[in-house]
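Student: Could you pick one part of this model and take me through it up close? After that, I'd like to see how the rest of the fold is put together around it.

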Amino acid sequence: MTQTRALTQTRGALRPTLLAALLAALLSVLLAPAPASAASLQEVTGFGSNPGALRMYRYVPDGLPAGRPVVVALHGCTQNAAGYADGTGWTRLADRWGFSVVLPQQQSGNNLNQCFNWFQDADIRRGQGEAASLAQMVDRQLADVSGDASRVYVTGLSAGGAMTAVMMAAYPEKFTAGGVVAGLPYGCAQAAGSPYVCMYVGATQTPGQWGDRVRAARPGYTGPWPVLTVLHGTADYTVKPANMTDLVEQWTDVHGADRSADVSDTVAGHPHQVFRGPGGDAVVETYSLTGMGHGQPVDPGSGQEQCGAAGAYFLDVDLCAAYRLGKAWHLG
């Protein structure tokens with residue numbers, strides 16, 4: 001009897017300990033960080049005739065369902081697809097929000113500085129050169145992942161930003177919106193007579209002339225035109241901020257909007273404007289990054305609005321361009 005009572009007391013003493021252990025195990029599971037995605041950047045070959053001789057890489061999150069958006073992200077000069085994927089934060093956002101990313105890569109045989117050839121006539125026209133190669137990448141990606149063809153977006157830094165404007169002009173039916181980071185308007189080098197004049201000074205064109213360059217890139221096209229977001233540093237001496245003004249003039253003219261901002265406020269301390277079209281929808285949006293030089297705005301960290309990694313041409317200004325573009329495009 002004494003032994004029975006002692007056993008019962010022992011079991012009773014163990015119950016709280018066992019319960020505590022079970023609770024601790026449960027909490028460790030619930031609070032454990034999500035496992036890292038096994039997805040990685042993959043090269044795709046044979047995506048078309050590839051007249052621009054570019055390379056195609058892509059990032060597809062594990063288990064991505066059909067019908068998800070596609071983002072095309074174009075690196076800047078001296079960069080490559082993998083570095084741009086990591087530095088911008090686009091792959092992290094792809095995992096979080098569920099979309100795939102196409103990351104084209106320039107080859108030194110096309111341009112010694114790894115710049116996309118935004119200033120070459122043969123590479124910026126519909127059906128030719130690098131522009132045609134990029135369009136073929138979009139078609140291949142949509143087919144391979146059963147992506148949503150009505151939700152394809154393009155963005156890029158510097159030369160990649162200029163090629164973003166090229167794709168919006170030459171293939172407007174393929175893109176819902178574009179994000180130009182420290183880039184230039186379509187046809188800028190041709191308007192200025194030199195890519196360097198365009199970069200360091202800017203081209204002299206009226207808004208109507210800027211708009212005509214876009215309309216001439218896709219003859220007979222009546223819309224809808226892609227929506228534009230521009231992010232540019234006020235201390236950028238490689239591509240002068242005047243190019244952001246020219247982009248606003250170009251794309252407000254294309255959309256039939258005036259050049260008076262309908263919204264003027266600040267985001268993360270940086271001036272931000274929105275220009276609405278005749279129907280009331282935002283058609284051009286700008287972020288003027290105060291004191292920022294030439295590069296991609298990032299905001300490293302684990303916060304909800306943070307993304308990207310600081311480095312050469314990835315500048316920590318407490319605002320992540322990829323996050324702001326993704327929100328504007330309703331990716332997450």
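Tutor: One term before we zoom in: contact means heavy atoms within 4.5 Å. Keep in mind too that this is a predicted model. The spot I'd pick is Ala-322, which sits in helix H11, residues 321-328. Setting aside the neighbours within four places in sequence, Ala-322 is in contact with Thr-88, Trp-90, Leu-93, Gln-296 and Cys-307. Ala-322 has a relative accessible area of 0%, so this residue counts as buried. There's also a long jump along the chain here: Ala-322 and Arg-92 are 230 residues apart in sequence, yet their C-alpha atoms are 10.0 Å apart in space.

How does that fit the whole chain? Among contacts between residues at least 6 apart in sequence, 66% join residues at least 24 apart. Of the 332 residues in the chain, 51% are buried. The accessible surface comes to about 14,400 Å², and 54% of that belongs to carbon and sulfur atoms. In secondary structure, you're looking at eleven helices and twelve strands.

One of the residues touching Ala-322 is Thr-88, and that gives us a way into the sheet, since helix H2 covers residues 81-88. Ten strands make up an open sheet with mixed pairing, and their order is E1-E2-E4-E3-E5-E6-E7-E10-E9-E8. Strand E1 (42-44) and strand E8 (263-267) are the edges, each pairing on one side only. Neighbouring strands are turned by 20° against each other on average, direction ignored. Helix H2 packs on this sheet and touches strands E2 (55-59), E3 (70-74), E4 (100-105) and E5 (152-157), with its direction at about 135° to that of E4.

Now for the pairing itself. Strands of a sheet pair through backbone hydrogen bonds, either parallel or antiparallel. Starting from the edge, E1 and E2 run antiparallel and are joined by three bridges; there, Val-44 has Met-56 in E2 as its bridge partner. On to the next pair: E2 and E4 are antiparallel as well, with five bridges between them, and Tyr-57 stands opposite Leu-103 in E4. E2 is mostly covered, with four of its five residues buried. Further along, strand E6 (residues 177-181) and strand E7 (residues 227-233) pair in the parallel sense over five bridges, and Val-180 faces Val-230 in E7.

The loops are worth a look as well. Between E1 and E2 you'll find Asn-50, which has a positive phi of about 50° although it is not a glycine. Asn-50 is a narrow call on burial: at 19% relative accessible area, this residue counts as buried because the cut-off is under 20%. Ser-158, in the loop between E5 and helix H6 (159-170), is another non-glycine residue with a positive phi, near 60°. Ser-158 is buried too, with a relative accessible area of 10%.

Past E6, the loop leading to helix H7 (188-192) holds Leu-184. With a relative accessible area of 1%, Leu-184 is buried. Beyond residues up to four places away in sequence, Leu-184 touches Trp-118, Ala-162, Ala-165, Cys-198, Met-199, Val-239, Asn-243 and Leu-247. Take Ala-162 from that list: the C-alpha atoms of Leu-184 and Ala-162 are separated by 4.8 Å, although the two lie 22 residues apart along the chain. Ahead of E7, in the loop that follows helix H9 (207-217), comes Pro-224; the peptide bond from Gly-223 to Pro-224 is cis, with omega near 5°.

Let's finish on the outside. Tyr-196 belongs to helix H8, residues 195-200, and is exposed, with a relative accessible area of 51%. Together with Val-197, Tyr-200 and Val-201, Tyr-196 makes a nonpolar surface patch of about 410 Å². Set that beside our starting point, and you have Tyr-196 exposed while Ala-322 is buried.

Methods: Residues numbered from 1 in each chain as written. Predicted model: local features only at pLDDT ≥ 70, side-chain atom pairs only at ≥ 80, totals over all residues. Heavy atoms only, no water. Patch = residues over 30% accessible without salt bridge, like charges linked within 9 Å, V, L, I, M, F, W, Y side chains within 5 Å. Areas by Shrake-Rupley, 256 points an atom, 1.4 Å probe, with all protein chains shown as cover. Salt bridge = Lys/Arg side-chain N within 4 Å of Asp/Glu carboxyl O. Helix = DSSP H or I, 4+ residues; strand = E, 2+ residues; numbered from the N terminus. Buried < 20%, exposed > 50% of the residue type's maximum accessible area, 1.4 Å probe, protein only. Pairing = 2+ DSSP bridges. Axes fitted to C-alpha atoms, helices over the stretch in contact; angles between N-to-C directions.
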